[in-house]
Amino acid sequence: MEPPFLLEGDNFTLKGEPLRHPLCPEWKNEPEGSVFHLAYIFLALGFMGGSGFYGLLYMFTFLTFGFFCSSVWAWSDACTTESFSWAFSLFVICVGQVVHVAYRLRSVTFNKEFQDLFGSMFKKLGVSLSQFGKIVACCDEQIHTLEKEHYFAIEDKTPIDKLSVLLSGKVRVTVNGEFLHYVYPFQFLDSPEWDSLRPSEEGVFQVTLRADNRCRYVTWRRKKLYLLFAKHRYIAKIFALVVRNDIADKLYSLNDKTFDSRGFRYDLRLVSVRMSAMPHLTTLLYTTLSPLDSSVSSTSGQPEVASNITSCQDWEKSHHLLFHLGNLSLVVGLLIPTTIGLHMILLRLLLMTGCCLFIIWATLYRCTLDVMVWNVVFLLVNFVHLFFLLYKRRPIKIDRELKSVYKRMFEPLHVREALFQRLTGQFCTIQTLRKGQVYAAEDKTSVDERLSILLKGKMKVSYRGHFLHNIYTNAFIDSPEFRSTQMNRGEKFQVTITAEENCKFLCWSRERLTYFLESESFLNEVFRYLIGKDITNKLYSLNDPSLNDKAVVLTVMVVMAKSQAVKKMERQPSLCSQLSMMQMRNSMASTSDTDDVLNQILRGGSGSSL
């Protein structure tokens with residue numbers, strides 16, 4: 001890429017001689033000055049910059065330095081109006097781009113608490129700063145304070161009209177004075193309540209949330225957040241994922257100290273069955289849940305104006321058309337808005353075009369080896385960047401049977417085809433199961449073997465003949481086992497999973513998948529949140545399928561076991577002695593104006609403080 005400042009020519013004289021562009025008989029012997037080479041060093045560094053906010057800022061900053069030095073050189077040394085005009089124009093354009101990118105970067109720079117929130121919850125999922133900026137703008141960039149012993153919500157009084165995330169401190173959750181669990185930093189304060197209502201519905205908290213110490217939290221008003229979801233589908237998908245995963249985390253934290261006689265955690269889906277053995281415990285918590293569908297360095301930078309006046313008594317003649325076309329390519333490339341998706345590809349193409357034109361011009365008409373060599377370097381640098389950009393956008397062929405899973409589960413979270421292909425191409429297989437065959441048998445099948453996603457068909461989950469729920473396409477088959485169990489401990493499935501139709505599923509080796517995810521932090525986070533959301537969906541599907549789907553609401557009820565009973569225990573507590581109770585109920589709107597019809601399902605939880 002040759003800045004517009006180039007070189008001494010003899011094409012045009014002020015006396016009106018005709019334009020002539022003779023070919024070079026030989027290279028010029030005199031090398032260019034130090035300012036010229038300093039300019040080209042800055043340009044080379046600039047062309048090495050990448051994409052993204054910081055990559056663009058790096059690129060345009062060094063290009064600004066380069067074209068500034070080129071302007072100084074063209075004015076004070078080369079005595080050429082055309083070279084100076086082009087170089088100064090490119091300098092101004094680069095300054096404008098630096099200001100624009102810096103402004104965009106400034107507009108998505110947040111205070112420390114929002115930066116911590118971004119790093120803890122959103123960055124790992126691939127949410128960009130600009131997208132997070134829209135999320136922050138939705139809450140008016142306000143952070144609220146909750147003093148010690150003050151209430152965030154009171155059961156049966158506080159309306160459900162917001163969604164909040166705790167940034168610092170600790171909040172105690174109780175119902176009727178009974179302790180349930182704590183909410184810690186970077187957890188939602190009210191994810192179950194948020195997920196309990198559709199956009200047009202209203203409700204009140206059925207638990208009390210009180211600050212154990214001074215707390216800071218951010219909150220989004222319900223209506224504003226739904227408007228944001230309507231405008232930005234990707235943000236809606238991210239919120240649906242993190243909210244459902246937060247609910248799953250809360251349920252698992254309640255179940256953390258619930259073990260059977262072998263020291264294994266109970267499957268959350270078995271609470272309704274196991275709690276039938278504990279009629280003496282009472283249910284206290286009613287928390288409803290329902291689906292959520294979302295300084296410019298001038299170095300030799302003082303132009304020597306005085307010496308220029310005396311030395312440049314005769315200005316350069318007009319340059320060849322190739323020189324002007326090369327500079328025009330640079331101008332057009334640098335003027336492309338950075339907000340365009342193909343900005344970097346178009347920029348690299350135009351930079352390479354300009355470099356090629358400068359190489360031809362310097363070789364055939366200017367006879368300047370310095371210019372030719374530098375532009376060859378620029379051409380190579382830009383070609384490498386262009387090749388990399390095109391390689392990342394190459395079409396990836398995904399197996400026809402996996403397209404649905406990718407489109408439904410991974411593509412909305414910006415998992416690229418190449419990464420998905422790596423995930424599915426090396427250590428996973430597509431397996432089939434005939435109707436009536438068993439995928440896993442309770443107390444027999446090891447949980448260490450695999451993790452699977454159902455591609456086709458339907459499966460039934462049961463416990464000792466008691467139906468729990470169905471598994472449909474594009475859902476994990478054994479997500480609860482993957483999330484709650486550890487490998488190489490001899491743990492078995494606590495449920496039986498049977499094919500109700502001819503099924504086809506995508507199966508990973510659990511051990512190899514775990515090692516792979518450890519090396520892919522982004523994909524590891526995606527898997528963690530997808531599995532958390534899938535577990536919550538399975539808990540929703542425990543509702544009686546005969547109820548009206550429009551109004552079915554899953555209610556999780558968690559109560560501590562009596563403290564006196566806990567204190568009497570001298571050994572590892574069992575499910576029936578120290579365990580708190582989790583109750584799930586179904587509510588549906590009747591055809592009349594009555595509000596609820598409840599169908600309770602007893603479930604078990606943890607009785608220890610969290």
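## Contacts, cores and a helix pair

Lys458 touches Asn470, Ile471, Tyr472, Thr498, Ala499, Glu500, Glu501 and Cys503, leaving aside residues up to four places away in sequence. This is a predicted model, and here Lys458 sits in the loop between β11 (450–456) and β12 (459–463). One of its partners, Thr498, is 40 residues apart from Lys458 along the chain, with 8.8 Å separating their C-alpha atoms.

Let's turn to the interior. The largest nonpolar core has 144 residues, and those with the most contacts inside it include Trp220, Met459 and Phe527. Helix α2 (residues 52–78) gives this core its largest share, 13 residues. Another core lies apart from it and has 18 residues, among them Val171, Val175, Leu180 and Phe205. In soluble globular proteins, nonpolar side chains tend to be buried together.

Trp220 is worth a look in your viewer. Not counting residues up to four places away in sequence, Trp220 touches Leu117, Ile135, Cys138, Cys139, Asp161, Lys162, Leu163, Val165, Leu225 and Phe239.

Finally, here is a pair of helices and the residues that make their contact.

| Helix | Residues | Contact residues |
|---|---|---|
| α17 | residues 510–519 | Leu513, Phe516, Leu517, Ser519 |
| α18 | residues 521–540 | Ser521, Leu523, Asn524, Phe527 |

How are α17 and α18 arranged? They pack at an angle of about 125°, and their axes are 5 Å apart, which means that α17 is oblique to α18. By class, the contact of α17 with α18 has 5 nonpolar and 3 polar residues, with no charged residues. Phe527 of α18 takes part in this contact and is also among the residues with the most contacts inside the largest nonpolar core.

Conventions: Residues are numbered from 1 along each chain as its sequence is written. This is a predicted model: local features need pLDDT of at least 70, side-chain atom pairs count only at pLDDT 80 or more; totals for chains, interfaces and linings use all residues. Side-chain values use heavy atoms; hydrogens and water are left out. Axes are lines fitted to C-alpha atoms, for helices over the stretch in contact, and angles run from 0 to 180 degrees between N-to-C directions. Helices (H or I, at least four residues) and strands (E, at least two) are DSSP runs, numbered from the N terminus. Angles under 35 degrees count as roughly parallel, over 145 as roughly antiparallel, 65 to 115 as roughly perpendicular and the rest as oblique. Contact means heavy atoms within 4.5 Å. Ala, Val, Leu, Ile, Met, Phe, Trp, Tyr, Cys and Pro count as nonpolar, Asp, Glu, Lys and Arg as charged, and the others, Gly among them, as polar. A nonpolar core is a set of buried Ala, Val, Leu, Ile, Met, Phe, Trp, Tyr and Cys residues joined through side-chain atoms within 4.5 Å. Buried means under 20% relative accessible area, exposed over 50%, partly exposed in between (1.4 Å probe, protein chains only).
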